[in-house]
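Subject: Handover of a structure

Dear colleague,

Please find below the sequence and structure that I am handing over to you. I would be grateful if you kept them open while you read the notes that come after them.

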Amino acid sequence: MTLILFLTVLIGAILLGLPVAFALLLASMALMLQMDMLSTDILAQNLINGVDNFPLLAIPFFLVAGEVMSRGGLSTRIVRLASSLVGHRKGGLGYVAIMTSIVLAGLSGSAVADAAALVSILYPMMRDGNYPEGRSLGLLAAGGIIAPIIPPSLPLILLGVAGNISIAKLFLAGIAPGLMMGLTLVLVWSFMIRKENLEVLPKASGAERWKALKEGIWALLLPVIIIGGIRTGAFTATEAAVVAAVYAILVSTLVYRELTFRDFLQVLISAGRSTAMVMFLVGAAMVAAWLITVAQLPQQLAALLQPLIDSPRLLMLVIMLIVLAVGMVMDLSPTVLILVPLFMPVIKMAGIDPVYFGLMFIMNCSIGLITPPVGTVLNVICGVGRVPMSRAVKGVWPFVIAYALLLGLFILVPELITVPARFMGG
């Protein structure tokens, strides 16, 4: 009864247009009323305690780093480097987009930011080169959602907090599946353009490649510093966010010299607004998570899924289907904060590795970012590229199917994630 009440109020409030954070608070108050423990003091205390969490400090610093890199010229130089390496191949701009999306994923951690950068820089070039419009937009959108998997990933930070999982382990374990997502895009793109008559860029000379490498090396060093620092224990994931922000600022101002003081003020304002929204959502979700525990909703869910507890792969398949359905109608962050506290006890009962589950969960939610009706990343690429949503939806489906097949492969063979994770120390 309590599980049905919570979900009914939550879904009803969202359908009425209430912001997710307020919908969570309303659903929490409904639970408190049902348990005869409604108290504004308890509500306020858990709301504050929800954001009083050291790992969450990483969010504003990674947001600052991502904004600085976008405005400070790092993204542009990554594109130039990728173009000099693979731009001369047939469909070369597609491979440039894939390579750039992987590198940018290691810089910003935001699917929306990466997708916007990819479209603004590469889509005009692909359009002028007579690349199929729908397929180009689909590839750029699919490349953007690699960012939530490869560190530094903001969704992985939220998941680590919501599920009480080591963020450092999630970061290190996300490298292999993120690269496999990139490889998947390469295979799909090469198949799609095999019969297309596409304009090929001139092959870059050795001198041009060396120049592009020298200009882009500062941007390439950032993910190396972050992963290397976490892997060696030099700093935590939260401290890595501070290092990333400081490094990005220094490179953008002292090396590339493209970040002005006015730009930096806009970076701080934008990051501050985004942080405020995320923190309020986290606080509301932690209130709901506390009440979910008190009301024993995970136990009720475990009772429903009890027949699957002894079949981890089947359980993962059912959970992933549920998450995929929810992710298509809800944005990534609220999906993580609402469902992870519900599923985590069940995952532990089934003996499934929490790090493996966390990466599967985020990858699944990321697919929802490029599927209608919500499709946050789809909306971004259509807005930046100024194209109708229908064209982007038509072009993105082959990549959605490919990602879904990759997700199914990870369910059948968990070792594709767990073995590299153990090797990396995750």
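The notes below go from the whole chain to one helix and then to one residue.

This is a predicted model, in which local features need pLDDT of at least 70 and side-chain atom pairs count only at pLDDT 80 or more, while totals for chains, interfaces and linings use all residues. Residues are numbered from 1 along each chain as its sequence is written, and side-chain values use heavy atoms, with hydrogens and water left out.

The whole chain

The chain contains 21 helices and zero strands; these are DSSP runs, numbered from the N terminus, with H or I over at least four residues for a helix and E over at least two for a strand. Its C-alpha trace spans about 70 × 45 × 45 Å along the principal axes. The radius of gyration is 22 Å, which agrees with the value near 22 Å for a compact globule of 426 residues; the radius is taken over C-alpha atoms, and the globule rule is 2.2 Å times the number of residues to the power 0.38.

Of the 426 residues, 54% count as buried (under 20% relative accessible area, with exposed meaning over 50% and partly exposed in between, using a 1.4 Å probe and protein chains only). Among contacts (heavy atoms within 4.5 Å) with a separation of 6 or more, 79% are accounted for by residues 24 or more positions apart.

Helix 9

Helix 9 covers residues 154–163, and because 10 of its 10 residues are buried, it is largely enclosed by the rest of the structure. Among these buried residues are Leu154, Pro155, Gly160 and Gly163. The buried residues of helix 9 pack against helix 4 (58–71), helix 10 (167–173), helix 14 (261–294), helix 17 (332–349) and helix 18 (354–368). Just after helix 9, Asn164 has a positive phi of about 55 degrees.

Ala244

Ala244 belongs to helix 13, residues 237–255. Is Ala244 buried or exposed? Its relative accessibility is 0%, so Ala244 counts as buried. Apart from neighbours within four places in sequence, Ala244 is in contact with Phe62, Ala65, Leu222 and Ile226. One of these partners, Ile226, is 18 residues from Ala244 in sequence, and the two lie 7.1 Å apart in space, C-alpha to C-alpha.

Yours sincerely,
A colleague
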